[in-house]
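I opened this entry to record what I looked up, beginning with the sheet, moving on to helices, and ending with confidence.

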Amino acid sequence: MDRLVKPDVKEVEIPFKRGQKCSATFRLSNLMHTMSVAVSLTTTNPSVFSINQSFSIILPLSSSSYTLTLSHSPHQPPLRSPPDVLTVKSAMLPTGKAHVDELRRLFSRPGPHIFRDATIPISLVGPHVAEYLIPNHAQIADLPSNFNRAISGCTGSQLTALLESAVRSGNPNLVAKLIDVGGDVNCKDSEGRSMITQAVQAGNIDVVRVLIASGCVIDYLVDKVLHEAAAINRVDLMQALISNFKDIDANSIDLYGRTPIHVAASCGNVEAIRFCGSIGGKADAVDSNGCTPLHLAAEKGDLETVECLLECSGLIKYAVNKQGKTGFGIAVENGNSHLYSLLQFGDILHRSARLDDVNGIKNCISEGVNVNERDQNGWRPLHRAAFKGRIESVRMLLNHGARVDVVDDEGYTPLHCAVETGHVQVALLLIAHGAKADAKNLKGVMPSPIKQSSVCEKTNLSFCS
């Protein structure tokens, strides 16, 4: 005979709950038909686990119950590797009676009278144990050995809660396991978002793929998965989402009216901006405040993002938000002077000068546009206003710092332009502001005398003779 008693369990499983008293009950049966048996129970970690009867007596063919308890109520499960064990020793007791001290002395003496009947592993189980294991094994490829025991007895709702935790932690093996044992892959969070949104937020593409393969669906009105991927500049996630969810809209908006490009621009994520643009995202879309992505990038002062957005849409810098500000105005407001040259829109000032749009000129000046901004031919707004005879625009420009004798690439001044096109009053105004009447272009050639004649008679310009 190799043992005197037999346990009713192969493993003692203690349901663990944080901060609460935790215990488990098991039974030992006396295998002797005619003799009582003395029993000694010990654990490998007595400071953590206590037993209600360390020494006891079991009558012939009878059984007794024992309770194994955590000695205190810890916040985290006291897990060890290898796990703690409960050792069961026994000895024949012909008298059938003995005091605890006598039993202690009996088992303290080694010898053949002592039987080692069982070594029983002690496991802590339940959702609180699994919750502890998930984040602490997020980077381990294989499931922890005690994970299967930890989830034994969990309800469906508990498994689903664990699944959400595994998704956030980013372990695809844990996610797949919890789905297999009953976790609801289509459970929503408190805001109605799917687990795919949570996986994208965590930035784990392997978990996203597991969820998709397991039938997880998204609600396009709630799950702003492209927005989430754009916020962390993950083009690979965007590609996976676009490939599997054909109805995802690159121009969908969130609660603030912002598209994924808005989100990427506010975070300085150029790769995400370019990808969104490649699938139809509009770089000049406006949010609920009338802001384009360029407004957000200008506020942040992100040069690379501003350059990228201008490449996507040449007209975006002309858009104004609900406060009437362009990207340039936002940059000025936030002191991002390194963006001024990119965001200035002198071509609008040129257009306003050509059309005699005085209010347009005022708006440009208020936005900080350089009144001496040159175009590709070296013309300034004053050249255009003078050439078209727009006297009010000329006056406005001169009063706000336009240089009266500025020259273009051929050496022509605004006065040349006024004389060339026969605009007498404009020529007089320019002269009154100090324009030089004897100016020559770079080739030393005067404007056409035929076109000059009427102006020369009235102004006596020296370079007309």
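**Sheet and helices**

I began with the strands of this predicted model, and found an open sheet of five of them, ordered β2-β9-β8-β4-β6, in which the pairing is mixed. I noted β2 (12-15) and β6 (55-58) as the edge strands, since each of them pairs on one side only. From one strand to the next, I read an average twist of 25°.

Which helix packs on the sheet? I found that helix α1 (residues 100-108) does, touching β4, β6 and β8 (85-93), and that the direction of α1 makes about 95° with that of β6.

I then looked at how the edge strand β6 is held, and saw that four bridges join it to strand β4 (residues 36-43), the two running antiparallel. Taking Val-37 as an example, I traced its bridge partner in β6 to Ile-58.

Which side chains of β6 are buried, and which are not? I wrote down that Ser-56 and Ile-58 point to one face and are buried, whereas Phe-55 and Ile-57 point to the other face and are not buried. I add for context that side chains in a regular strand alternate between the two faces of the sheet.

Next I turned to helix α7 (residues 205-213), where I listed Ile-205, Val-207, Val-208, Val-210, Leu-211 and Ile-212 as the buried residues. Following their packing, I found that the buried residues of α7 pack against α4 (156-169), α5 (172-180), α6 (195-202) and α9 (235-244). At the N-terminal end of α7 I found Asn-204 as the cap, with a side-chain oxygen 3.1 Å from the backbone nitrogen of Asp-206. After α7 comes Gly-215, for which I read a positive phi near 90°.

I made a similar check on helix α19 (residues 391-399), in which the buried residues are Ser-393, Val-394, Met-396, Leu-397 and Leu-398. Just after α19, I noted that Gly-401 takes a positive phi of about 100°.

**Confidence**

I closed with pLDDT, whose mean over the protein chain is 88, with 91% of the residues reaching 70 or more. Where is confidence lowest, and where is it highest? I found the lowest in helix α22 (residues 449-459), at a mean of 47, and the highest in helix α10 (residues 260-267), at 98. Over residues 447-454 pLDDT stays under 50, and for this stretch I noted 13 contacts beyond four places in sequence in the model. I leave those contacts uninterpreted, because predicted coordinates should not be read in detail where pLDDT is low.

Note on methods: Residues are numbered from 1 along each chain as its sequence is written. This is a predicted model: local features need pLDDT of at least 70, side-chain atom pairs count only at pLDDT 80 or more; totals for chains, interfaces and linings use all residues. Side-chain values use heavy atoms; hydrogens and water are left out. Buried means under 20% relative accessible area, exposed over 50%, partly exposed in between (1.4 Å probe, protein chains only). Contact means heavy atoms within 4.5 Å. A polar contact is a pair of N or O atoms within 3.5 Å; within protein, one must be able to donate a hydrogen and the other to accept it, and residues adjacent in sequence count only if both atoms are side-chain atoms. Two strands pair if DSSP finds at least two bridges between them. Axes are lines fitted to C-alpha atoms, for helices over the stretch in contact, and angles run from 0 to 180 degrees between N-to-C directions. pLDDT is the predictor's confidence in each residue, from 0 to 100.
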